[in-house]
Amino acid sequence: MPCGTGVSAALRHTHSQPPAVVAQSLTGPKFRRQEGANNGRPKADGPAAWQNGASHVVAEVHAAPDLEQMAALVPEWRLEWHDARTLLTDRNVRKAQPDADLIASVGTSGVLQPIVAVRTAEGQSVFLTREGEGEPAMATAEGKTRVRYGESRTMAAIISENYLVPVIVTGPEGDDKAEEIARIINQRSENTYRQGMKDSEHADAAYQLSLLGVSETDIAEGLRMQKTQVRAAKKLAKTEGGAAMLDEHEDLDILTAAKIAEFEDDPERVRSLLIRHRTGGGLDSLIRHYKDLDKRAATVAKVKAALESQGLTVTEARASWDRYNEARYVTALKDENGDGISVEQHTECPGHAFIVKEVPYYKAPDGTLTSDLDMLPADERDGAEPVEGRYEGVAVCTQHIECHPGPVRQLTEADRAAAEEAERREAERKEAASIDRSRVMKGNKEWDAAVSRRRAFVKKELVSRMTPPPGAVEYLTKELLVSQYALCDSFKDGHPLAADWLGVAADSSAQYSGDSRIAPRRSALEQLADDVSDKRRQVLLLTVVLAANEKALNRQSWRNKDGCGQRNYLRFLIARGYDACGTERLAAGLPEFAEDPADDATPADTDAA
C-alpha cells in the first residue's frame with residue numbers, strides 16, 4: 001500500500017467491491033482454482049450466474065486419504081454474501097451490543113471474519129441484478145438465514161451501513177431438542193472462550209506498520225490509536241523488555257510502559273516507578289528527576305573525559321574550603337607567608353588534581369554570565385536567572401595537609417584551634433550561601449512554572465465535577481474547623497479566585513470587604529447553589545476552600561522545612577492524582593523526590609500550621 005493514501009481508505013476500497021457470485025459450494029475434497037480472485041472474492045461470470053445462484057469453485061485442495069474420509073462426514077457448507085439487514089438475530093444466548101471500535105472497524109474494513117448461520121425452513125436467499133446494469137445488488141430475500149455466531153458483527157455492519165457481509169451457512173436449521181441444546185452450549189462457548197489482543201501485541205502491530213513506512217497519522221487512523229500511543233509503541237519495541245513488562249503488569253498501558261521501559265537497565269528505578277504508578281500521582285515527576293540525574297551524570301562524564309585527555313588527574317574525593325576533608329580547593333590554600341596560591345603555581349604539587357562540580361552561574365538581564373552574583377549591579381541581581389547544568393573542573397589538592405600547612409605562626413594550641421574553627425565555619429558559610437542562593441533561584445523558577453499547571457488541574461479535575469471526589473468531606477471538615485488565615489482572608493475578599501474558577505465575572509480591583517463591588521460577586525456565587533444537587537453544592541464549597549488555599553500560596557511556601565500552611569491543600573491534590581513538582585512537594589511537607597509511597601503518607605496531625 002503506498003504511504004500517504006491512508007490505511008482506512010485502502011481498506012474501505014478493497015472491501016467495498018461487490019462479490020461476483022452468491023455462494024461457493026464446497027462439497028468435495030478437491031476443488032479447481034478460479035484464477036483472478038478479487039481480494040478473496042471471486043469475479044462475476046455474468047448476470048446469469050447471479051440470478052441463478054450458481055455455485056463457484058474457488059480453491060484446489062489435495063487432501064490426504066484420511067482427510068478425504070473425514071470430508072465425507074462433514075455436511076455441506078456454503079460461503080455466501082448477504083445483506084446484513086436480512087439476517088435473523090433472534091436466537092442467541094448473548095445480547096449483542098457492538099462497541100464503537102467494532103462498529104468503526106466494520107465500517108472501514110468490512111466484516112473480516114465470516115458470520116456463521118443456518119438456513120431456516122422458508123427457503124434460500126437470492127441475489128438479483130439491477131435491470132440494465134452489470135453490477136450485483138440485493139433484493140428482498142425469498143428465504144431466511146439465521147445467525148448462529150457473529151451477531152455483534154452483523155449489528156455492527158448494519159449500524160455502520162456497510163451491509164455486505166460474508167456468511168458461512170452450515171446447513172438447515174434443526175428443530176429438535178438436541179439441536180437446541182447444542183446451539184445454546186456452542187453459542188456460550190463461542191462467546192466465552194476467546195481472548196483479546198494484549199497491549200504488547202497492539203504495540204507490535206503499530207511498530208510493524210512503521211517499519212513498512214506507514215506514517216504515524218495513518219497508523220493511528222488504521223488501528224484507532226492515539227498518535228502518542230503510536231510513538232510510545234515504537235519506543236517500546238526498541239527496548240529489550242518493554243513488551244514483557246507490558247504483559248507482566250496488567251495495570252500498565254502502552255504510554256506508561258514506554259516511559260518506564262526507558263530505565264530497564266536499572267531494576268531499582270523500574271521498581272520505584274512501578275510503585276509510583278500504582279499508588280497514583282508523581283510518576284512523571286520521578287521520571288523527570290531520574291532524567292535530570294542521568295543528564296547530570298553524562299555531563300560530568302564528558303567534563304571528566306576532557307580533563308583526562310589533557311593528562312590531568314580527576315579525583316572523586318570530597319573537597320571543601322577548609323582543611324578537614326580529603327581535598328581542599330587550591331584557591332583556599334596559603335603558602336608559608338600567608339599568601340594565596342594560584343592554580344598555575346600548584347601544578348607541580350604531587351596532590352594537584354581536579355574534581356568535577358556544578359558551578360553556579362547567573363545570567364543578567366543584559367545576557368552577561370557570571371559565577372558571582374555579587375559582581376552584578378544591585379538593581380540587576382533580582383532579575384538574574386540561574387543557569388543550570390554548567391559543570392567544570394575545579395583544581396584541588398589531595399595532599400594539602402602535608403604540602404600546604406599554611407603560614408608559620410607562633411600561636412598557642414587554643415588560638416590555633418579557634419582560628420581553624422573560625423576558618424572552617426566561614427568556608428562552610430560561603431559555600432552554603434552560594435548553594436542556597438542557587439537553589440532558591442532554581443526553586444522559584446520551578447514554582448512559578450507550576451502555578452498555571454496546578455490551577456488548571458484543580459479547575460478540570462475538581463471544580464467541574466458534579467459530585468465531590470473521594471476524601472473531600474474529611475478535607476473540608478478539617479479546613480473549616482481550623483479556619484486558618486487563608487480561608488478567613490478569602491471570605492473577607494469575596495472569594496475572587498473561586499469566582500474566577502466558577503466562571504463568575506469578578507472585578508479584580510475589588511479586594512476588601514468594605515468595597516461595594518464585592519457584593520455582586522457574592523450574590524452571583526450564591527446563585528450557583530440554586531437548582532443543583534446537594535453533591536454539587538459540596539463541590540462549590542470545596543471550590544471556595546481550594547481557591548482560598550491556592551491564593552495564599554507564594555514563592556516562600558516551598559522553603560519551610562515542614563511545609564507551608566497550605567500543605568493539606570497540596571496533599572489533597574496529590575492524593576487526587578496531581579503530579580506535583582519538587583518544590584510543590586516540599587511545600588506539602590513531603591520529600592522532594594519520593595521513591596517510596598510511604599514517603600507521601602499524610603501524618604496523623606493534619607492541622608494547618
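## Starting point: G171 in strand β8

G171 sits in strand β8, which spans residues 164–172. This is a predicted model, so every detail here describes that prediction. With a relative accessible area of 14%, G171 counts as buried, because buried means under 20%.

Which residues does G171 touch, once those up to four places away in sequence are set aside? They are E76, V118 and R119. The chain also brings R78 into the picture: R78 and G171 are 93 residues apart along the chain, yet their C-alpha atoms are separated by 8.1 Å.

## The protein as a whole

Stepping back, the protein has 609 residues, and 37% of them are buried. Its secondary structure comprises 24 helices and 15 strands. The exposed surface comes to about 34,400 Å², with carbon and sulfur atoms supplying 51% of that area.

Links between distant parts of the sequence are well represented here. Taking the contacts with a separation of 6 or more, 73% join residues that are 24 or more positions apart.

## R148 and A319: two buried strand residues

R148 belongs to strand β7 (residues 145–149). Is this arginine buried or exposed? R148 is buried, at 6% relative accessible area. Leaving out neighbours within four places in sequence, R148 is in contact with N92, V116, A117, V118, E173, E179, R183 and Q187. One of these, V118, is also touched by G171.

A319 is part of strand β9, residues 319–320. Its relative accessibility is 12%, so A319 counts as buried. Beyond residues up to four places away in sequence, A319 touches A327, Y329, I355 and V396. V394 lies 75 residues from A319 in sequence, with 9.8 Å between the two C-alpha atoms.

## H249: a buried loop residue

H249 is found in a loop, the one between α10 (242–248) and α11 (254–261). H249 is nevertheless buried, with 13% relative accessible area. Apart from residues up to four places away in sequence, H249 touches L274 and R278.

## How α4 meets α5

Two packed helices are described by the angle between their axes and the distance between the axes. For helix α4 (residues 100–109) and helix α5 (residues 151–160), the angle is about 70° and the axes are 8 Å apart. That angle makes α4 roughly perpendicular to α5, since 65 to 115 degrees counts as roughly perpendicular. The contact involves L102, I103, V106 and G107 on the α4 side, while α5 contributes S152, R153, A156, A157, I159 and S160.

As for handedness, α4 passes α5 in a right-handed crossing.

## Helix α18 and its cover

Helix α18 runs over residues 472–482, and its buried residues are A472, Y475, L476 and E479. Why do these residues share one side of α18? They cover an arc of only 95° around the axis, which puts them on the same side of the helix. The face of α18 turned away from that buried side carries V473 and L481, which are exposed.

What covers the buried residues of α18? The cover includes α19 (485–493), α22 (534–552) and α23 (567–575).

Two of these covering helices, α19 and α22, also pack against each other. Their axes come within 8 Å and cross at roughly 105°, and α19 and α22 are therefore roughly perpendicular to each other. From α19, the residues Y485, A486, L487, S490 and D493 take part; they meet V544, V545, A548, N549, K551 and A552 of α22.

## Two loop residues with positive phi

E161 lies in the loop between α5 and β8. Its phi is near 65°, a positive value in a residue other than glycine. Is E161 buried or exposed? E161 is exposed, with 58% relative accessible area, because exposed means over 50%.

D531 offers another example, in the loop between α21 (518–527) and α22. Phi of D531 is near 55°, again a positive value in a residue other than glycine. D531 has a relative accessible area of 81% and is exposed.

Terms used
Residues are numbered from 1 along each chain as its sequence is written. This is a predicted model: local features need pLDDT of at least 70, side-chain atom pairs count only at pLDDT 80 or more; totals for chains, interfaces and linings use all residues. Side-chain values use heavy atoms; hydrogens and water are left out. Buried means under 20% relative accessible area, exposed over 50%, partly exposed in between (1.4 Å probe, protein chains only). Helices (H or I, at least four residues) and strands (E, at least two) are DSSP runs, numbered from the N terminus. The arc is that of the directions from the helix axis to the C-beta atoms. Contact means heavy atoms within 4.5 Å. Accessible areas come from the Shrake-Rupley method with a 1.4 Å probe; for residues, only the protein chains shown count as cover. Axes are lines fitted to C-alpha atoms, for helices over the stretch in contact, and angles run from 0 to 180 degrees between N-to-C directions. Angles under 35 degrees count as roughly parallel, over 145 as roughly antiparallel, 65 to 115 as roughly perpendicular and the rest as oblique. A crossing is left-handed if the near helix is turned anticlockwise from the far one by less than a right angle, and right-handed if clockwise.
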